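Trainee: I've got a fresh model open and some time to go through it. Could you help me reason about the packing, one question after another?

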Amino acid sequence: MKRVSKFYLALIYIFLYAPILVMIVLSFNASKNRNVWSGFTFKWYAELFHNQIVLESLGNTLLIACIAAVASTVVGTAAAVGINSFRRHVRNAILNVTYMPMINPEIVTGVSLMLLYVFLGVKFGFLTLLYSHITFCLPYVILSVLPKLRQVDPNIYDAALDLGCTPVHAFWKVILPQIMPGVFSGFLMSFTYSLDDFVISYFTNGATSQTLPITIYSMTRRKVSPEINALSTILFLVVFTLLIIINLRGRNPKKKKRSA
């Protein structure tokens, strides 16, 4: 039974990572033809960093992802604190409305935001794209912060007030450190979803605010360039490295506790 389980697990990982492995190998292929191996080369990586369109799109994507993640984390954390203070029935009703954008298909959200901007007469560009990213990132922050707030003992906040703290100071010194893992998780989720989004960005972007997924889509409609393989390989390696660093940092405190 164990051999069957291991074989089944191996098939799942092959199914998940075989396409990525093929993409990485093709990024070093000297030929543009995907069916012919013409030798090992770094040419496509060099051409990638001279492609002004891709670099501008990457800059826009990172800028929007950073601003949207920070803004949605701040607003979402404040919203989670407010929602947590309501009574149970009111809180559940608000949460059902809050989580609806997560269940709703992205194409519906994208078209709705596009129609809203047209109705309000807002010019499509960087700001419409940024507002849209903040909008669909907010529920993920609330979802990450609320469970941590429910774990916090409310008596700790009251004790801080009794000891002379102001409400704001008590929140920063007592509540925020305890919910910080949820806040950080919400920030990472917002950054990831904003970086990866295509559908909503496609309906709300302007001529001068192309994101990287939209640029890649426009390039793949003609023919998949090896530069896209090189760019995707770099993004995969960056994410893979960040995951390793986060996991190693998460293990260090456990090792310190055991040694102590």
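Mentor: Sure, what follows is a run of questions and answers on a predicted model.

Trainee: Let's begin with rings. How many aromatic pairs does a search of the whole structure find?

Mentor: Keep in mind that the model is predicted, so side-chain atom pairs count only at pLDDT 80 or more. With the whole structure searched, the number of aromatic pairs is 14.

Trainee: Take Tyr117 and Phe124. Is that pair stacked, tilted or edge-to-face?

Mentor: A ring pair is described by the distance of the centres and the angle of the planes. For Tyr117 and Phe124 the centres are 6.0 Å apart and the planes stand at 85°. Planes over 60 degrees apart count as edge-to-face. So the Tyr117 and Phe124 pair is edge-to-face.

Trainee: And which of the two counts as buried, and which as partly exposed?

Mentor: The cut-off for buried is under 20% relative accessible area. Phe124 comes out at 27%, so Phe124 is partly exposed. At 7%, the buried one is Tyr117.

Trainee: What about Phe198 and Tyr217, is their pair stacked, edge-to-face or tilted?

Mentor: Here the centres of Phe198 and Tyr217 are 5.1 Å apart, with the planes at 55°. Stacked needs planes under 30 degrees apart and edge-to-face needs over 60. An angle of 55° fits neither, so the Phe198 and Tyr217 pair is tilted.

Trainee: How many residues apart are Phe198 and Tyr217, and where do they sit?

Mentor: Phe198 belongs to the loop between helix 9 (167-196) and helix 10 (199-204). Tyr217 is in helix 11 (residues 212-220), so the pair links distant parts of the chain. Both rings are partly exposed, Phe198 at 26% and Tyr217 at 34%. Their separation along the chain is 19 residues.

Trainee: Which residues form one aromatic cluster?

Mentor: This one is a group of four names rather than a pair. The cluster is made of Phe28, Phe40, Phe42 and Tyr45.

Trainee: On to helices. Is helix 3 parallel, perpendicular or oblique to helix 7?

Mentor: The axes of helix 3 (residues 52-84) and helix 7 (residues 126-151) come within 6 Å and cross at roughly 40°. Under 35 degrees would count as roughly parallel, and roughly perpendicular runs from 65 to 115. The angle lies between those ranges, so helix 3 is oblique to helix 7.

Trainee: How many nonpolar residues are in the contact of helix 3 with helix 7?

Mentor: That crossing is right-handed. Its contact residues include six polar and one charged. The nonpolar count is 21.

Trainee: Helix 3 also crosses helix 9. Is helix 3 antiparallel or oblique to helix 9?

Mentor: The axes of helix 3 and helix 9 come within 8 Å, crossing at roughly 140° in a right-handed sense. Roughly antiparallel needs over 145 degrees. The crossing falls short of that cut-off, so helix 3 and helix 9 are oblique.

Trainee: Now helix 4 (residues 88-98). Which of its residues are on the face turned away from the buried side?

Mentor: Start with the buried residues of helix 4, which are Arg91, Leu95 and Thr98. They cover an arc of only 55° around the axis, so they share the same side of helix 4. That fits the general rule: an α-helix has 3.6 residues a turn, so residues three or four places apart point the same way. The opposite face carries the exposed residues His89, Asn96 and Val97.

Trainee: Last one. How far apart are the C-alpha atoms of Ser225 and Ser27?

Mentor: Ser225 sits in the loop between helix 11 and helix 12 (226-259). At 19% relative accessibility it counts as buried, since the cut-off is under 20%. Along the chain, Ser225 and Ser27 are 198 residues apart. In space, their C-alpha atoms are separated by 9.4 Å.

Conventions: Residues numbered from 1 in each chain as written. Predicted model: local features only at pLDDT ≥ 70, side-chain atom pairs only at ≥ 80, totals over all residues. Heavy atoms only, no water. Phe/Tyr/Trp six-rings, centres within 6.5 Å; stacked < 30°, edge-to-face > 60°. Buried < 20%, exposed > 50% of the residue type's maximum accessible area, 1.4 Å probe, protein only. Helix = DSSP H or I, 4+ residues; strand = E, 2+ residues; numbered from the N terminus. Axes fitted to C-alpha atoms, helices over the stretch in contact; angles between N-to-C directions. Left-handed = near helix turned anticlockwise from the far one by under 90°. Nonpolar A, V, L, I, M, F, W, Y, C, P; charged D, E, K, R; others polar. Arc of directions from axis to C-beta.
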